[in-house]
Amino acid sequence: MAALRYAGLDDTDSEDELPPGWEQRTTKDGWVYYANHTEEKTQWEHPKTGKRKRIAGDLPYGWEQETDENGQMFFVDHINKRTTYLDPRLAFTVDDNPTKPTTRQRYDSSTTAMEILQGRDFSGKVVVVTGANSGIGFETAKTFALHGAHVILACRNMTRANEAVSRILGEWHKAKVEAMTLDLALLHSVQHFAQAFKAKNVSLHVLVCNAAVFALPWSLTKDGLETTFQVNHLGHFYLVQLLQDVLCRSAPARVVVVSSESHRFTDINDSSGKLDFSRLSPSKNDYWAMLAYNRSKLCNILFSSELHRRLSPRGVTSNAVHPGNMMYSSLHRGWWVYTLLFTLARPFTKSMGTPAVIHVPSQPVTEAEVAAQKPLSLPL
């Protein structure tokens with residue numbers, strides 16, 4: 001009980017009290033196991049209830065996980081200046097049901113990005129997120145960084161990007177996060193970013209194509225293309241092509257393209273059913289902001305599907321995702337009418353903290369994999 005009291009767990013009302021000689025511990029990826037010091041053995045099931053448990057939630061504010069010279073985890077409470085080998089989250093474990101539904105059913109509209117990656121270790125992984133200085137991109141970048149990944153915020157506005165980096169470091173000073181310039185409205189900038197990234201001589205395990213514009217008045221980029229089409233689709237298309245060799249060398253790797261359900265409300269074919277290129281980058285007379293956005297999102301999905309077909313045999317998967325119905329963000333800032341509509345809809349939308357569908361988890365642990373583990377190899 002002294003150890004429990006030290007970690008702040010002595011006042012729990014848990015009914016799973018351990019028999020004498022048993023101790024409850026956790027693995028690095030969040031599974032709970034039980035050590036019997038009398039018989040010098042370990043097991044996954046609770047010695048009395050037979051249940052398997054896992055950690056739920058993040059470490060309490062001010063706590064940090066470290067590893068000692070013997071490879072064992074311990075926990076540091078920076079607020080109260082103390083350390084313990086007992087995970088403070090053990091007060092909040094949940095039962096692990098082997099017959100639980102699939103991953104799709106485990107998560108819902110209220111699931112946060114932090115909960116999606118709970119227990120995942122992305123140490124050694126390199127992640128690039130475009131448009132990561134705010135909104136969905138920022139939450140995605142922050143969540144990866146707080147789970148150990150080396151995250152690069154690829155942004156047009158470096159002032160805001162550096163502010164985002166500071167916010168992430170403010171949450172965890174050991175986060176590996178940096179900002180690099182990427183303006184998708186300039187193909188030369190895309191090329192320069194790819195060259196600068198390759199010069200780092202690092203892998204690329206996850207590329208999140210998130211940046212987008214919405215409801216912009218008609219304009220052409222310096223490359224002579226309609227802005228919404230180039231920023232939302234063509235810039236990302238070009239970026240992936242330039243980094244394709246790095247992704248393949250880093251396999252298993254993944255490309256995530258943030259699209260939208262609004263892709264359903266448009267088409268890019270002419271009356272004969274053939275691709276109409278004039279619809280992708282329309283003239284001012286044929287331009288409607290909402291249609292331009294929808295078409296760019298349709299291009300995202302078609303691109304992601306074909307990319308997956310071509311690169312999945314080489315270990316690079318691609319997924320297009322919808323971030324959630326009417327998720328409130330700054331995407332609507334292009335026109336005051338949309339700002340008003342988004343403001344009115346805000347009470348009924350998901351927040352930036354719950355972009356559950358844009359997660360890029362490693363392969364989930366199956367019941368067979370858990371059963372195949374050898375508890376006796378765990379440290380007593």
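Leaving aside neighbours within four places in sequence, L204 touches V126, V128, F197, L243, V246, L247, S250 and A253 in this predicted model. L204 is a useful place to begin, since its surroundings lead into the nonpolar core. The largest such core has 31 residues, and L204 is listed with V128, F193, F197, L207, L243 and V255 as having the most contacts inside it.

Several helices and strands build this core. Two or more residues come from each of the strands β9 (126–130), β10 (150–155), β12 (206–209) and β13 (253–258), and likewise from the helices α6 (187–199), α7 (227–249) and α9 (289–311). Helix α7 gives the most, with seven residues. Apart from this core lies another, made of 26 residues, which include L117, L153, I168 and V208.

Aromatic rings come next. The model holds five aromatic pairs. In one of them, F214 and Y293, the ring centres are 4.7 Å apart and the planes stand at 90°. Planes over 60 degrees apart count as edge-to-face, so the pair F214 and Y293 is of that kind. F214 belongs to the loop between β12 and α7, while Y293 belongs to helix α9. The two are 79 residues apart, and their pairing links distant parts of the chain. Are these residues buried or exposed? Both F214 and Y293 are buried.

A ring can also lie beneath a charge. The charged end of R167 sits over the ring of F138, at 3.9 Å from the centre of that ring.

Note on methods
Residues are numbered from 1 along each chain as its sequence is written. This is a predicted model: local features need pLDDT of at least 70, side-chain atom pairs count only at pLDDT 80 or more; totals for chains, interfaces and linings use all residues. Side-chain values use heavy atoms; hydrogens and water are left out. A nonpolar core is a set of buried Ala, Val, Leu, Ile, Met, Phe, Trp, Tyr and Cys residues joined through side-chain atoms within 4.5 Å. Buried means under 20% relative accessible area, exposed over 50%, partly exposed in between (1.4 Å probe, protein chains only). Helices (H or I, at least four residues) and strands (E, at least two) are DSSP runs, numbered from the N terminus. Contact means heavy atoms within 4.5 Å. Rings of Phe, Tyr and Trp (its six-membered ring) pair if their centres lie within 6.5 Å; planes under 30 degrees apart count as stacked, over 60 as edge-to-face and the rest as tilted. A charge sits over a ring if NZ of Lys or CZ of Arg is within 6 Å of the ring centre and within 35 degrees of the ring normal.
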